[in-house]
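Okay, thanks for coming, everyone. I've got one structure to walk through today, and I'll take it a piece at a time. Have a look first.

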Amino acid sequence: MIMKRISMAIAVLVMALLAADGLYAASVYKIGGIFSSTGRASFLGDPEQKTMEMMIEKINAAGGIDGVKLEAVIYDSEGDPAKAVSAVNKLLHKDKVLAIIGPSTTPTTLAIVNFVERAQVPLISCAAGVKITSPVKPWVFKTAQSDLLAVAAVYQHMKARGIKKIGVLTVSNSFGESGKHQLLNQAKDFGLEVVQADSFGAKDTDMTAQLTKIKAAGPDAIVCWGTNPGPAVVAKNVKQLKIDLPLYQSHGVASPKFIELAGDAANGIILPTGKILVTGLLDGSDPQRAILEDYQKDYNAMYNANVSGFGGYAYDAVNLLAGALKGSGGDKNKIRDALESTQGHMGTTGEFNFSAQDHNGLSPKAFVMVEIQNGTWKLIK
Amino acid sequence: MQEIIQYLFSGITTGAIYAVIAVGLSMLYSSTELINFAHGEFVMVGAMAMVTFWVHLAWPLPLAILAAMALGCTLGLLFERFAIRTAKASNPIVLVIITVGASIFLRGTGMLAWGKDPFSVPSFSSHESIEILGAALLPQSIWIVLGAIGLAGGIHFFLKKTLTGKAMVACAVNQKAAWLSGIPSERMAVLAFAISTGCGAIAGIFIAPITMSSYDMGTILGLKGFCAAMIGGLGSLWGAFAGGILLGVLESLGAGLISSGLKDAIAFILLLLILYIRPGGLFAAKEAKRF
């Protein structure tokens, strides 16, 4: 008798909860976010999270999408794939989000793609690794420029300078490995020969051994592919070893923090970057300039901090998703199809033209080459 | 040839850092039989304190170094008083777990205090690198090696020649007997903690200018220091020192001559080999076994 009463009570409770859940889901669109807001990659995740929060607030202030407000559920992955997996499970099963923005890094993104594929929830990653969208996975998109395009931009510049032999130094994590793969693969297309390829650990304190080895191989230039702080140590070591070769870095260090870390050693370093870093130097006719200035004004007003290119990935992701949400009625399949057919979307990173074969949608034009001079960026035309 | 010399220079620099960390670990082990897995975090505290005192507050260099050291020692004292002593009667494994917990706590506190971004600290002296046989030697490397030798020598002198030091060794050999002869063994343990964490902070102070400092830099350095101490023989001061240098040089030569991808693996393969062939470490004293 008592058992029966208890089970009745439970049944009533469950029904009530389910009903409440149903009501709740209809009144908002829940969007998940996974960013490495703390940890080594916080320089990526922190501005991304802030940008996403800012954009959601802005969209809600303008009345939401089709009259439905957005709600952001954001988790911190700490740059750790294991934590990203637990975050994605929470988003998919507990929060039941419509779509996910992030994660910030390639390893964390690759760790969760299988989960979103299985759950059939659209994911817009803010990470650069080419493996994320190649081969194309139906539910996975990304807004950051692929390292494929970054390497192409660097090699084009080298070719124009008459460089023939290069030494490659990459960080031994996903970003570096993916970059190394692209650097080695594309070299031939630009008539370049990789004479020495080395790697360093993300937390190494000294890279002179690797640089000595590269120097001994006699290259015309050195390419370092990594994210802070390793490449700053490489920049210092190059100066200390008096290696008088052009040093190229990746877009992974395209932030003022790199100049601060490397100090004088940053001078003369050439790297590809999204246009956001050099907004003030762009031509007035550049179609991205107005969007970039808008974003910077909003971000500055809200956080009293300067923008970085990384926050721009989240800016584009939220805007793309907002576009796809329009008229979807909260149907994940419709959101996915709308994302895939997005054409000519001008974002902070570049012009997005998605298709069934391309879930990144950018061209090498999304990159410009800059040189660091006297602690600031100079656009190379 | 020129390359080999360069590898040696790099190796000795990193090795000297490992040596300072290992000396601190080893000295704590010899006086309290405790392995402090939070040691690496004290390295972080030293490096980050340099960022605050020298770069942000612009104190003069000697004052900044002293302040960073004092911070490391003070935190060590607090750590002993509030975390270790309260669990004194426990199984050694409990104490080790406490140090692991302390390491996570310190890392978290470091993140709150200094933020998540890495920082850079300028070199102690702004000289150009010196060229020897075509290889470049950084002035900071000379500072590090001199600092490491000075520190190990100082601790050696303290343990062998001063009354307090001898009392500390006595405690390590037999705590009860030392207590019976009037040595305050608890105070000795506190002192050992302060010196050991101070060593950690010094390693951080020296390493800050050659690399980037951030709140999570300590873990891998602590592990490498632990490797070095094991290689040299836990509890042996000069053994730990030699272990550190050996580890640094082998890492650098391994990265240069074999493959840079194997750099970290070398440390741990070496550790496994040593534990297999000579469990007591390369330079362990014969009387390492206590009565």
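**A walk through the two chains**

Let me start with one pair of residues: A:Leu123 has A:Val140 as its bridge partner in strand E5 of chain A. That pair belongs to a short stretch where strand E4, residues 123-125 of chain A, and E5(A) run parallel, joined by 3 bridges. Before I go on, keep in mind that this is a predicted model.

So what sheet do those strands sit in? In chain A there's an open sheet of 5 strands, in the order E2-E1-E3-E4-E5, with parallel pairing. The edges are E2 and E5 of chain A, with E5 covering 140-142, and each of those two pairs on one side only. If you ignore direction, neighbouring strands are turned against each other by 25 degrees on average. A quick reminder for anyone who hasn't stared at sheets lately: strands pair through backbone hydrogen bonds, and they do that either parallel or antiparallel.

Now over to the other end of the strand order. Strand E1 of chain A, residues 28-35, pairs with strand E2 of chain A, residues 69-76, in the parallel sense, and there are 8 bridges in that pairing. One example to click on is A:Lys30, whose bridge partner in E2(A) is A:Glu71. To get from E1(A) to E2(A), the chain goes through helix H2 of chain A, residues 42-61, and this β-α-β crossover is right-handed.

Which helix lies across E1, E3 and E4 of chain A? That's helix H11 of chain A, residues 309-325, and it runs at about 165 degrees to E3(A).

Next, the loops, and there are some backbone details here to look at. The peptide bond between A:Gly102 and A:Pro103 is cis, with omega about -5 degrees. You'll find A:Pro103 in the loop between E3 and H4 of chain A. Another cis peptide bond goes from A:Ser134 to A:Pro135, with omega near 5 degrees, and A:Pro135 is in the loop between E4 and E5 of chain A. Then there's A:Gln120, which isn't a glycine but has a positive phi of about 55 degrees. A:Gln120 is in the loop between H4 and E4 of chain A.

On to the domains. How is chain A divided up? The domain assignment gives domain 1 as 2-145 + 290-364, and domain 2 as 148-273. Their C-alpha centres are 32 Å apart. Where the domains of chain A meet, 15 residues of domain 1 are in contact with 18 residues of domain 2. On the domain 1 side, helix H4 of chain A, residues 106-119, gives the most, with 3 residues. By class, that side of domain 1 has 8 nonpolar, 5 polar and 2 charged residues.

Okay, chain B. First, how does chain B meet chain A? The contact takes 29 residues from chain B and 29 residues from chain A. On the chain B side, helix H1 (2-32), helix H10 (237-258) and helix H11 (263-277) of chain B each supply at least two residues. H1(B) has the largest share of that side, 6 residues. If you sort the chain B side by class, you get 11 nonpolar, 12 polar and 6 charged residues.

Last stop, a pair of helices within chain B. Helix H2 of chain B, residues 39-56, and helix H3 of chain B, residues 61-84, have axes that come within 9 Å and cross at roughly 145 degrees. The crossing of H2(B) past H3(B) is right-handed. Which residues meet there? From H2(B) there are B:Phe42, B:Val45, B:Gly46, B:Ala49, B:Met50, B:Phe53 and B:Trp54, and from H3(B) there are B:Leu61, B:Ala64, B:Ala67, B:Ala68, B:Leu71, B:Gly72, B:Leu75 and B:Gly76. The residues of that contact divide into 12 nonpolar, 3 polar and no charged.

That's my tour, so over to you for questions.

Methods. Residues numbered from 1 in each chain as written. Chains lettered and ligands numbered in written order. Predicted model: local features only at pLDDT ≥ 70, side-chain atom pairs only at ≥ 80, totals over all residues. Axes fitted to C-alpha atoms, helices over the stretch in contact; angles between N-to-C directions. Helix = DSSP H or I, 4+ residues; strand = E, 2+ residues; numbered from the N terminus. Left-handed = near helix turned anticlockwise from the far one by under 90°. Contact = placed C-beta atoms within 7 Å. Nonpolar A, V, L, I, M, F, W, Y, C, P; charged D, E, K, R; others polar. Pairing = 2+ DSSP bridges. Right-handed = clockwise from strand over helix to strand, strands pointing away. Domains from an automatic or database assignment.
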